[in-house]
Amino acid sequence: MSLAIRYLASIDEAGGIAVGRSTLPVIKKEDGSIFYDENFVFEYGKADWIRQGGNITIITYGTLLHTAVEVSDKLRTEGINCNVLNICCPLKLDENAIKNAASFGPVIIFEDHNARTGLGSLIALFMSKNNIHTSMIEMGLHEYGGSASASDLYHLYHLDANALTSKIKEIL
C-alpha cells in the first residue's frame with residue numbers, strides 16, 4: 001500500500017485508496033518470497049498476475065486476494081491450476097490482463113462488493129464492448145451485508161475459501 005500512497009503523492013490530481021480494517025496475510029509468490037516486496041514497482045492501472053499456469057482465472061482485489069491465492073495453492077496440490085489476477089485499480093482496468101485472463105478459459109470475479117455494480121460489472125462491460133467471449137462467474141454480494149466478524153460474513157455470503165473452491169470444481 002505504501003507504493004500506492006507514494007504514487008498518489010507524486011501526481012497532481014485527486015485520488016483515493018480504499019483499505020479494510022482487518023489484518024491480512026502477506027501475499028507471497030509460489031517460491032514463498034513476498035510478492036509486494038521492496039523491489040515491486042507500482043504502476044497505476046496495471047494488474048498483477050499472482051499465480052499463472054491454469055485454465056481458469058480468479059480475478060479479485062483487496063481483502064479477498066489472499067483467499068484466492070490460498071485456494072489456488074490448495075487446488076494446485078490436487079492437480080487443478082488456477083490463475084490469480086489482482087486488480088489493484090478497478091477504475092482503470094488493465095485491458096491486456098483482462099484479455100489474457102479470458103483467453104485461458106472461464107473467469108471468476110471474486111469480490112466483497114455488490115456483484116451487480118462492482119468489479120464484475122466493469123469487466124463484463126469491457127468484455128462485451130471488445131467482443132471477448134468466455135464464461136464469467138461473479139461471486140460477490142447480492143444483498144446488503146450484515147454485522148459480524150469478517151470471517152463469519154465471508155462464510156455467510158459464500159465468499160470464503162470453501163465457497164470459491166466449490167465453485168471452481170463445479171465449473172471444471
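In the predicted model, residues 24 or more positions apart supply 71% of those contacts in the chain that have a separation of 6 or more. The chain contains 6 helices and 5 strands, and from the N terminus the elements follow the order α-β-β-α-β-α-β-α-β-α-α. The radius of gyration is 16 Å, close to the 16 Å given by the globule rule for 172 residues, so the chain is as compact as a globular protein of that length. The C-alpha trace extends over about 45 × 40 × 35 Å along its principal axes.

Of the 172 residues in the chain, 40% are buried. The exposed surface of the chain amounts to about 10000 Å², of which carbon and sulfur atoms contribute 51%. Charged side chains comprise 14 positive and 20 negative groups, and the centres of these two sets are 2 Å apart.

The largest nonpolar core holds 27 residues, among which Ile58, Phe110, Met139, Leu164 and Ile168 touch the most other members. Two or more residues of this core come from each of helix H2 (65-76), strand E4 (107-114), strand E5 (136-141) and helix H6 (161-171). The greatest contribution is that of H2, which provides 5 residues. A second core, separate from this one, is formed by 18 residues, including Ala47, Ile98, Met127 and Ile132.

The surroundings of the largest core can be followed through Met139 and helix H6. When neighbours within four places in sequence are set aside, Met139 is in contact with Ile108, Ile109, Phe110 and Glu111, and also with His158, Leu159, Ala163, Leu164 and Lys167. Within H6, the buried residues are Ala161, Ala163, Leu164, Thr165 and Ile168. These buried residues of H6 pack against strand E2 (57-60) as well as against H2, E4 and E5.

Two individual positions illustrate opposite degrees of burial. Gly120, located in helix H4 (residues 119-129), has a relative accessible area of 0% and is therefore buried. Apart from its neighbours within four places in sequence, Gly120 is in contact with Ile109, Glu111, Met136 and Glu138. The last of these, Glu138, is 18 residues from Gly120 in sequence, with a C-alpha to C-alpha distance of 6.1 Å. Ala18, by contrast, occupies the loop between helix H1 (2-10) and strand E1 (48-51). Its relative accessibility is 79%, and Ala18 therefore counts as exposed. Ala18 and Val41 are 23 residues apart along the chain, and their C-alpha atoms are separated by 19 Å.

Backbone geometry was also examined at two loop positions. Most residues other than glycine have a negative phi. Asn131, although not a glycine, has a positive phi of about 55 degrees. This residue lies in the loop between H4 and E5 and, with a relative accessible area of 57%, is exposed. His158 likewise is not a glycine and has a positive phi, of about 60 degrees. The position of His158 is in the loop between helix H5 (150-156) and H6. A relative accessibility of 55% places His158 among the exposed residues, and His158 is also one of the contacts of Met139.

Note on methods: Residues numbered from 1 in each chain as written. Predicted model: local features only at pLDDT ≥ 70, side-chain atom pairs only at ≥ 80, totals over all residues. Heavy atoms only, no water. Helix = DSSP H or I, 4+ residues; strand = E, 2+ residues; numbered from the N terminus. Rg over C-alpha atoms; globule rule 2.2 N^0.38 Å. Buried < 20%, exposed > 50% of the residue type's maximum accessible area, 1.4 Å probe, protein only. Contact = heavy atoms within 4.5 Å. Areas by Shrake-Rupley, 256 points an atom, 1.4 Å probe, with all protein chains shown as cover. Lys, Arg positive; Asp, Glu negative; His and termini not counted. Charge placed at Lys NZ, Arg CZ, Asp CG, Glu CD. Core = buried A, V, L, I, M, F, W, Y, C linked by side-chain atoms within 4.5 Å.
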